[in-house]
2 protein chains.
Amino acid sequence: MIEVNAPVTMSDVARAAGVSTATVSRVVNGHYGVSARTVVQVRSAIEQLGYESSLVATSLRRSRTNVLGLVAHSFQSYTAEVLKGVMKALSRSGFDLIIYANSDLYGSYSEGWEQRHLTRLSGTLTDGCIVVTPWGDIRSRTPVVAIDPVRGSTAPSVMADNLAGATTAVEHLLDLGHRRIGFIAGRDSLASAWSREEGYRAALASAGVPVDPTLIGRGDFNPESATPLARVLLQRPDPPSAIFAASDGMALKVLEVARELGFSVPADLSVVGFDNIPESASTEPGLTTVDQSMYQLGYEAARMLKSLVTGEWDEPSQIVLPTRLVVRSSTAAPSSAARP
Amino acid sequence: MIEVNAPVTMSDVARAAGVSTATVSRVVNGHYGVSARTVVQVRSAIEQLGYESSLVATSLRRSRTNVLGLVAHSFQSYTAEVLKGVMKALSRSGFDLIIYANSDLYGSYSEGWEQRHLTRLSGTLTDGCIVVTPWGDIRSRTPVVAIDPVRGSTAPSVMADNLAGATTAVEHLLDLGHRRIGFIAGRDSLASAWSREEGYRAALASAGVPVDPTLIGRGDFNPESATPLARVLLQRPDPPSAIFAASDGMALKVLEVARELGFSVPADLSVVGFDNIPESASTEPGLTTVDQSMYQLGYEAARMLKSLVTGEWDEPSQIVLPTRLVVRSSTAAPSSAARP
DNA sequence: CCTGGAAACGTAACCGATAACGATTGCAGT
DNA sequence: ACTGCAATCGTTATCGGTTACGTTTCCAGG
């Protein structure tokens, strides 16, 4: 084993092999125009010296870094799942991943954080970014793929079929016999929040159940935002027999409030969430929810970004992934007592 | 807003401001030796052109990338927590974080994966790395900090006080009256696994309880490894009244097996874990465990790496963090029936 | 023996930013 | 008025690779 402390550069290899750096470069990149004998010489010199090409120098020259970025406004289990999918899609692809997440609590950090980082990164460190943020559209010199984009965005994005998912969730409650169904909405700047509310309304409409606006609470996807809303819904004289929350994080808070107020789930109250985060499988009772495979979202976003960056673009720019209703034990038919 | 498609370079700014690139560089880096008037001119040129310095070019020149790496052999909730801590420590520090995790299931990917990546990265993309892997010591041209290092490693590292933690955990069981206490060990190449077993032995010894080797199962920290071991322990004619698992992931599997075999926890069987991963708070029953704040481990590791990289090194090179026993509802006094 | 052309390889100009160096100017101290 | 130091700024080599272009080598065909 040779102890190497100073970095070995291409010209070191060239000197050792008795050729020019240009030739070494060709060998390293497998380019045409080098005799077999020379290739062998260069290869063995590389081996002996333990040469590794400088990613930085290569990036500068090629004006391509082969690094993609993941920019998230907060880092929660949602983000972690997305991250896993992204890493999977990028593994052995030649791309490296650099991540930026607002480490402040609840992502409460000033708006525009993502935009600032992105302009700094794009073109100087990353070849493209995946962003997951509830704040506005993002401009960048390099390609950007949004996960769960803002409403009305036409930029490349990946999202779940929120409309269908929410519709199915509410239909599940309707099928069980519920008629007074509360809803806790997400941050309405996001397309997902809007679609989930649409799904709620659509399901009620097609069942002939009128929408009662007082049963709708306006949250923002942060779990904490759901607590006071759930309290309001459950403390009214005529509480709903079921609550559909636009995210699992919020749904878990609803469970908490229900327990606190003496509601037994699912006997007195059914609860449905959206997302299927790992925690919702292990609570008591298990949360019925809509699975949107955040892993898959991350995976697809990364695939899409990769093809945008390499220029082999041929897929639709807005991917919608199917959802799946996961029935656990937080939903049941309403008790007769709960009916008017 | 000016539409910029071609990247704006320093010489563009220099030309616009009527100065040399050297002067622009000094302004950008806040160096000494530029008149106030010139600074204003340069600043406004930067503003107008929307110039952002190229991180790649800067890295090449300074032979410093300001990027740190996190290399993990797998990505689970453990890793996610560590990641959060690392990100927190690095936020607003000027360092960016690039992560490598083996995306293959259970990190079963071939040994040496981390070493290969590290040699590729070190000095060419990262200024240093945090590694969390059960496989051997790692060599690198740039500083490396290990989280939960292999046994006997003298390299810089951060780990929990596993000995004290495990001792406390077993003492907790002893205090409740347990005498037959099973143990499921972790991958014994890791210092943490070894110390936790030591703690188990030490606690029993000081309580005058002899160690029964047949009550010890050899796992490897992967949750799955615990399932058959738990089955063996619980299916014997004289099952232990309590099981201490060296990690929460494994402890949760013990709970699963217990449920499957008809053991009621904590009535028939007490279970204690180690780590305090988020899931262990939300299972039913809640898992009694030893908190080792993986967030904190990540945080400290990042702080340490930062100071190693910047050369302002003055702390001990092996940090040990305190642990804390978290008592939930998976532990109780042994039922009289369970006693011989 | 000469020519044409492809293959093999070297030269040098970059990429964008930094820092050593030298040159000039300004200003306070004497 | 003169010295000396510090401030100010431009020039240029350099970091490590990549690539357009030019040169040399070699061999087949004429």
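Of the 25 residues around DNA strand D, those that come nearest are A:Met10, A:Ala22, B:Ser20, B:Ala22 and B:Gly33. Both protein chains are named in that list, and the model that shows them is a predicted one. By element, helix 2 (21-28) and helix 4 (55-62) of chain A each supply at least two residues of the surface near DNA strand D, and so do helix 2 (21-28) and helix 4 (55-62) of chain B. Helix 4 of chain A provides the largest share, five residues. In character, the surface near DNA strand D divides into 10 nonpolar, 12 polar and three charged residues.

DNA strand C is surrounded by 26 residues, and the closest are A:Ser20, A:Ala22, B:Thr9, B:Met10 and B:Ala57. Two or more residues of the surface near DNA strand C come from each of helix 2 and helix 4 of chain A and helix 2 and helix 4 of chain B. Here it is helix 4 of chain B that gives the most, with five residues. The surface near DNA strand C is made up of 10 nonpolar, 13 polar and three charged residues.

The relation between the two protein chains comes next. A turn of 180 degrees, with a shift of 0.0 Å along the axis, lays chain A on chain B with an RMSD of 0.3 Å. That is the relation of a two-fold axis. In chain A, the C-alpha nearest the axis belongs to A:Ile98 and lies 2.0 Å from it.

The contact between the chains takes 31 residues from chain A and 31 residues from chain B. On the side of chain A that touches chain B, two or more residues are given by each of helix 4, helix 5 (77-90), strand 2 (96-101), helix 6 (113-121) and helix 11 (279-282). The residues on that side of chain A divide into 14 nonpolar, 10 polar and seven charged. Because 100% of the interface residues of chain A are also interface residues in chain B, the copies meet through the same surface. Helix 4 of chain A thus appears both on the side that touches chain B and on the surface near DNA strand D.

Strand 2 also takes part in pairing between the chains. Two bridges join strand 2 of chain A to strand 2 (residues 96-101) of chain B, and the two strands run antiparallel. The bridge partner of A:Ile98 in strand 2 of chain B is B:Ile98. A:Ile98 is also the residue of chain A whose C-alpha is nearest the axis.

Within chain B, six strands form an open sheet with mixed pairing, in the order 7-6-8-9-10-12. Its edge strands, strand 7 (216-218) and strand 12 (324-326), each pair on one side only. From one strand to the next, the twist averages 15 degrees. Inside this sheet, strand 9 (residues 270-275) and strand 10 (residues 288-291) of chain B pair in the parallel sense over four bridges. B:Asp275 stands opposite B:Asp291, which is in strand 10 of chain B.

A last stop is in chain A, where A:Ala267 sits in the loop between helix 10 (248-260) and strand 9 (270-275). Is A:Ala267 buried, exposed or partly exposed? A:Ala267 counts as partly exposed because it has 13 C-beta neighbours inside 10 Å. Apart from its neighbours within four places in sequence, A:Ala267 is in contact with A:Ala332 and A:Ser335. The C-alpha atoms of A:Ala267 and A:Ala333 are separated by 7.8 Å, although these residues are 66 residues apart along the chain.

Methods:
Residues are numbered from 1 along each chain as its sequence is written. Chains are lettered from A and ligands numbered from 1 in the order in which they are written. This is a predicted model: local features need pLDDT of at least 70, side-chain atom pairs count only at pLDDT 80 or more; totals for chains, interfaces and linings use all residues. Copies are superposed by least squares on the C-alpha atoms of residues with pLDDT of at least 70 in both. Two residues are in contact if their C-beta atoms, placed from the backbone, lie within 7 Å. A residue is near a molecule or strand if its C-beta atom, placed from the backbone, lies within 6 Å of it. Ala, Val, Leu, Ile, Met, Phe, Trp, Tyr, Cys and Pro count as nonpolar, Asp, Glu, Lys and Arg as charged, and the others, Gly among them, as polar. Two strands pair if DSSP finds at least two bridges between them. Axes are lines fitted to C-alpha atoms, for helices over the stretch in contact, and angles run from 0 to 180 degrees between N-to-C directions. A residue is buried if 20 or more other C-beta atoms lie within 10 Å of its own, exposed if 12 or fewer, and partly exposed in between; C-beta atoms are placed from the backbone.
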